[in-house]
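Please open the model in your viewer and keep a selection box at hand, since each stop below begins with something to select. The tour moves from open space to paired charges, and then to a helix and a strand.

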Amino acid sequence: MAIPKTDASTDMRHMRAALGLASRVLGQVAPNPAVGCVIVGEGRVVGRGHTMPGGRPHAETEALRQAGEAARGATAYVTLEPCSHHGRTAPCADALIEAGISRVVVALTDPDPRVSGRGIARLRNAGVSVTENVLEAAAREINEGFLRRVTEGRPMVTLKLATTLDGMIAAFGGDSQWITGEEARRYGHLLRARHDAVLTGIGTVLADDPVLNCRIDGLDHASPVRIVLDSNLRTPLDSKLVRGAAQLPLWLVTTEAAARAHGRRFEAAGVDVLALEANEGGGIDVQAVLAALASRGITRVLAESGRAVAGSLLRADLVDRVAWFRAPAVMGGDGLTALESLGVVKVSALRRFHCVETVRLGQDVLETYRRTTY
């Protein structure tokens, strides 16, 4: 089998295209990773594919289907190591071999112990040339949620904040609508579409009666699972969340005692009640919550909550990204701060992030931060 000529700049160009395909389906493929695949034969793209909503078919399958016979002797650019195990579908590594692909360029090795180098080894054993780690950092960023679920047993967490310039989320009496403008709120709905789940607390539910869906034309199908931390099951049965549970999944995370006492009435309304052991204070441990969500296949969580839940996540060092919407206004000491006390007494104990993007949205600004340790 002839091996196509290799060129680093060409490899990066086609891998960027594959990464773009993978990025399109973030929030729609859990528990699977979002993968993109581009097949290039005789200098032209003959097949493109990404993981399909729900996680199947896989990207390689879609690209090979599009390429047909043109895949023979071609190069496949894949953002994550092709799978080598039998699940609901046959291994993608085998599909590439059977299609006659002569070279595979991989961005990132799959940490899933069922794969983890086995897919690459299978390709090489079949005589397929493999180039690894092309744009690895970009691939890792796209699939951070999947990677954390596999390696740490929890999903990636994005904390969304919408504040004044001085960090206030509401007036002292609780009035918070609307601090940011329409463009910022619309972008917030896009963030929901790009996460598997949106997480809030009972305080926000009682104060705002939110819906927590994605209200962007053409993306209503991409609304995430709605999750409420409600240790005593105080969510009103006539709330918008509960009334919409038959159309859009709603999970109430509560204590075992509350679930025994009140869970059935919520389940009768179509709500999924997740009962966890209470912590020493009678509440819910956020680490246990994230572990439970990961066990259910959630890889990306958008925390869109009040100061209590946000503070809990930060104190436990579970926030991976921050999406901070800032309105050009100040409220002063009469307002409610975005975060409750984190117990920081020394500067060395600060939770540190680095800014990766700043976007202007009308009169508001969105600053995106990532943790410094990943």
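Begin this predicted model at its largest pocket, by selecting Thr 204, Asp 208, Glu 304, Ser 305 and Gly 306, which lie nearest the pocket's centre among the 47 residues that line it. The volume of this largest pocket comes to about 1,400 Å³. To see which elements form its wall, colour β6, β7 (168-171), α7 (182-193), α8 (202-208) and α12 (307-315), each of which supplies at least two lining residues. Of these, α7 deserves a selection of its own, as the largest share of the lining, seven residues, comes from this helix. If you then colour the lining by residue class, you should find 19 nonpolar, 15 polar and 13 charged residues.

Keep Glu 304 selected, since this residue near the pocket's centre also takes part in a salt bridge with Lys 160, in which the closest N and O atoms are 3.3 Å apart. Lys 160 belongs to strand β6, whereas Glu 304 sits in the loop between β12 and α12, so the pair ties together parts of the chain that are 144 residues apart in sequence. Are the two partners buried or exposed? With under 20% relative accessible area as the limit for buried, Lys 160 is buried at 17%, and Glu 304 is buried at 13%.

Next, select helix α6, residues 144-152, and display its side chains. Glu 144, Gly 145, Phe 146, Leu 147 and Arg 148 are buried in this helix, and what covers the buried residues includes α5 (136-142), β6 (156-163), β12 (300-303), β13 (321-326) and β16 (364-371). Just after α6 comes Gly 153, which has a positive phi, near 70 degrees.

Within α6, zoom in on Glu 152 and Arg 148, whose side chains meet in a salt bridge with an N to O distance of 2.6 Å. Why can these two be found on a similar side of the helix? Glu 152 and Arg 148 are four residues apart in α6 and therefore separated by about one helical turn. An α-helix has 3.6 residues a turn, so residues three or four places apart point the same way. The partners differ in their surroundings, for Glu 152 is partly exposed, with a relative accessible area of 41%, while Arg 148 is buried, with a value of 3%.

Now move to Arg 154 and select Asp 320 with it: the two form a salt bridge, with their closest N and O atoms 2.9 Å apart. This pair links distant parts of the chain, Asp 320 lying in the loop between α12 and β13 and Arg 154 in the loop between α6 and β6, 166 residues apart. Both Asp 320 and Arg 154 are buried.

To place these pairs in a wider setting, select Glu 144, Arg 148, Glu 152, Arg 154, Asp 317, Asp 320, Arg 321, Arg 351 and Arg 371 together, as these residues are linked in a network of salt bridges. Across the whole structure, a search finds 20 salt bridges.

Stay with α6 for one more feature, a cavity, and select Leu 26, Asn 32, Asn 143, Thr 299 and Arg 300, which lie nearest the centre of the largest cavity among its 16 lining residues. The structure holds one cavity of 30 Å³ or more, and the largest cavity contains about 80 Å³ of space. Helix α6 gives the most to its lining, with three residues, and the lining as a whole divides into eight nonpolar, five polar and three charged residues.

For the last stop, select strand β1, residues 36-41. Six of its six residues are buried, so the strand is largely enclosed by the rest of the structure. Turn the view to compare its faces: Gly 36, Val 38 and Val 40 are buried on one side, and Cys 37, Ile 39 and Gly 41 are buried on the other. Add strand β2, residues 44-50, which runs antiparallel to β1 and is joined to it by six bridges. These two strands form a hairpin with two residues between them, and in the turn Glu 42 has a positive phi of about 55 degrees. Then add strand β3, residues 75-78, which pairs with β1 in the antiparallel sense over four bridges. What stands opposite Cys 37 in each partner strand? In β2 the residue opposite Cys 37 is Gly 49, and in β3 it is Val 78.

How values were computed: Residues numbered from 1 in each chain as written. Heavy atoms only, no water. Buried < 20%, exposed > 50% of the residue type's maximum accessible area, 1.4 Å probe, protein only. Contact = heavy atoms within 4.5 Å. 1 Å grid on protein atoms, 1.4 Å probe; cavity = no way out; pocket = protein on both sides within 12 Å on 5 of 7 lines; lining within 4 Å. Points joined across faces, edges and corners; volume = space filled by probe spheres on them. Nonpolar A, V, L, I, M, F, W, Y, C, P; charged D, E, K, R; others polar. Salt bridge = Lys/Arg side-chain N within 4 Å of Asp/Glu carboxyl O. Pairing = 2+ DSSP bridges.
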